[in-house]
Amino acid sequence: MRLRRLQRADIEAVRDGFASGIAAATTRWMFPRSLPSKLGWFDDMEASKEHDAFAIVVNRRVVGICSLRPPRFAGRELTIAIFDPAMRGRGLGTFAVTELCRFGFSQLRLRRIELGVYPNHRAAIACYARCGFQYEALLRRYVYHNGVWTDAMWMSLLRSEMGLKKNERAR
Amino acid sequence: MDGSLWPLGNGDGVGKAARATGAPKAMTAMKRTKTAGRKGMRERSTTSARLPATWLVGSGVRLRPVEPSDARPLQRWLDRPSARQWLSELLPRAGPQLAWIAQLATDPAKPSFIIETSLGAQIGLATLSVEGVQAKLGIAIQDTRRVGLDRCAEAVRLLADAAFRVLPLQRIEVRVLPSNEFAVEVYEEAGFSREGVLRKVAFHAGKARDELMLSLLWEEWMARRASI
């Protein structure tokens, strides 16, 4: 498994991954839309200096996507979705989140990475906790998900809390 | 890369119903008739493995996003008098129509879908136009008599259901010409209620016409969802 920058050629797999509805329970709901509209999203992401997306690749196959996008509060917001159900529970998420945070703190020099997660998504919460994320708040009726306004659990990781190797640490 | 990577409904049960029931036998017959191909949009038989997967799957129909490559066949179909009989919004000339269809594929406020049978035959168009907490729904079926009330209503229900799940909407509204009795029946079957007749609000076939307003409220959708 590895993480690499999202490429234009990956968008079809990402589109199909989201359109299948497999990640729907744990991500924001989206309509399946045309390929060009997804490519438009990719181009916006590429043009933006506050948005970095990565493909999660296993055996040269894109099985998920993760990104650091502009924050709700401060720093960057982390997002992740794994599309292939067979790839769940294998430490893929922990690997991707750790790599992404390492990138964010060492390359982007971020001070804070934040994320929202549905309170009933135990596996994800455990994964984020394993990566060092701290629970901050339960934001009530914060996200519109599957037809209702639902609560979002808000977590964050500060640069000082991330176990960076010496050469990755900011001066 | 193709859509076969993510098998339909793997994991959460979406699409399993569609695969289990398969397509009614009548549909196979329908695909073989030669006239079906000439009627309008070509009924391409696409193997399901090559289609992008989607969670908008019912027992008789499914919705897949409109792609820019749909513009030409859609425009050819929508230009026919039979299709234009009930459509008031479309302009008569090809250019603006193509632009409108291209917009359907990419405009974030207009999630639009091609209605397909479980076998991949394209039978119509379903669009949503979102304005804040309200949305307008529209559906056009190529051959209503062949598709039938149930499948039309299912297409409406699929789109309305998805819209309420994805967007924080208060209501979804639909406006139809009162003379289009079949459409009224379809929307009522899908759960919409009549609200009244708006006088002289549509321009259709050279005249200002009344339109019947139907709507589905979020509460109604939630109540029905809870009862299932």
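Me: Two residues are in contact if their C-beta atoms, placed from the backbone, lie within 7 Å. In chain A of this predicted model, what share of the contacts with a separation of 6 or more comes from residues 24 or more positions apart?
Reply: Chain A holds four helices and seven strands, which follow one another from the N terminus as β-α-α-β-β-β-α-β-α-β-β. Among its contacts with a separation of 6 or more, the share from residues 24 or more positions apart is 59%.

Me: What radius of gyration does chain A have?
Reply: The C-alpha trace spans about 45 × 35 × 30 Å along its principal axes. For 171 residues, a compact globule would be expected to have a value near 16 Å, and chain A agrees with this, having a radius of gyration of 16 Å.

Me: Which residues form the covered face of strand β5 of chain A?
Reply: In a regular strand the side chains alternate between the two faces of the sheet. Strand β5(A), residues 112-117, has an uncovered face made of Arg112(A), Glu114(A) and Gly116(A). Its covered face consists of Ile113(A), Leu115(A) and Val117(A).

Me: Which residue of β7(A) is the bridge partner of Leu115(A)?
Reply: Strand β5(A) pairs with β4(A), residues 76-82, in the parallel sense over two bridges, and there Ile113(A) is the partner of Arg76(A). With β7(A), residues 148-158, the pairing of β5(A) is antiparallel and has six bridges. In that strand, the bridge partner of Leu115(A) is Met155(A).

Me: Is the β-α-β crossover from β4(A) to β5(A) right-handed or left-handed?
Reply: Strands β4(A) and β5(A) are paired in the parallel sense. Between them the chain passes through helix α3(A), residues 92-106, and the crossover is right-handed.

Me: Why do the buried residues of α3(A) line one face of the helix?
Reply: Helix α3(A) has 15 residues and reaches 21 Å from its first C-alpha to its last, close to the 21 Å expected. Its buried residues are Gly93(A), Ala96(A), Val97(A), Leu100(A), Cys101(A), Gly104(A) and Phe105(A). An α-helix has 3.6 residues a turn, so residues three or four places apart point the same way. Viewed down the axis of α3(A), the buried residues line one face because they fall within an arc of 155°.

Me: Is Arg109(A) buried or exposed?
Reply: Arg109(A) lies in the loop between α3 and β5 of chain A and has a positive phi of about 55° although it is not a glycine. A residue counts as exposed if 12 or fewer other C-beta atoms lie within 10 Å of its own. Arg109(A) has 10 such neighbours, so this residue is exposed.

Key:
Residues numbered from 1 in each chain as written. Chains lettered and ligands numbered in written order. Predicted model: local features only at pLDDT ≥ 70, side-chain atom pairs only at ≥ 80, totals over all residues. Buried ≥ 20, exposed ≤ 12 C-beta atoms within 10 Å, placed from the backbone. Pairing = 2+ DSSP bridges. Right-handed = clockwise from strand over helix to strand, strands pointing away. Expected span 1.5 Å × (residues − 1). Arc of directions from axis to C-beta. Rg over C-alpha atoms; globule rule 2.2 N^0.38 Å.
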